[in-house]
Amino acid sequence: MNHYETVFILNPVLSEDQIKETVKKYEDFLVSKGAKMISKEDWGLKKLAYPIQNKKSGFYHLFEFTVDGQAIEPLEVEFRRDERFMRYLTVSLDKHAISWAERRREKMKVKAKAKA
């Protein structure tokens, strides 16, 4: 089992329900391939550094998961087929990136508690 992180940008014209449906679909796809979801983050609507498909913003999401390497290619094929996706990037995390991601999640939990 390898540790991966996928960041993807969804089309900004999608409704909140369509975004939730899309995220759920790909989370279920990964779980069906034997993935264990570690973290899911919704970064919200962000301005893009440059236009993509004549859009200047997009909805960013992050999945962190462990899965066998065989599941990545089918996931990316599905991303390419789905017109709701503007961009995606999947990277394999080494031990340093994993520890950094854990520290980042802890900081986010502390910030969330401070806001509450």
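How many bridges join strand 1 to strand 3, and do these strands run parallel or antiparallel? In this predicted model, 9 bridges join the two strands, which run antiparallel; strands are DSSP runs of E with at least two residues, helices are runs of H or I with at least four residues, both numbered from the N terminus, and two strands pair if DSSP finds at least two bridges between them. Residues are numbered from 1 along each chain as its sequence is written. Local features need pLDDT of at least 70 and side-chain atom pairs count only at pLDDT 80 or more, whereas totals for chains, interfaces and linings use all residues, and side-chain values use heavy atoms, with hydrogens and water left out.

Strand 3 is also joined to strand 2 (residues 36-52), by 11 bridges in an antiparallel arrangement. Y60 of strand 3 is the bridge partner of I9 and also of G44. Strands 2 and 3 form a hairpin with 2 residues between them, and Q53 in the turn has a positive phi of about 55°. Of the 13 residues of strand 3, 10 are buried (under 20% relative accessible area; exposed is over 50%, partly exposed in between; 1.4 Å probe, protein chains only).

The largest nonpolar core (buried Ala, Val, Leu, Ile, Met, Phe, Trp, Tyr and Cys residues joined through side-chain atoms within 4.5 Å) has 20 residues, of which F8, L10, L30, F63, F65, V67 and L75 touch the most other members. Two or more residues come from each of strand 1 (2-10), helix 1 (16-32), strand 3 (55-67) and helix 2 (72-81), and helix 1 gives the most, with 5 residues. Apart from this core lies another, of 5 residues, including I9, I52, Y60 and M86.
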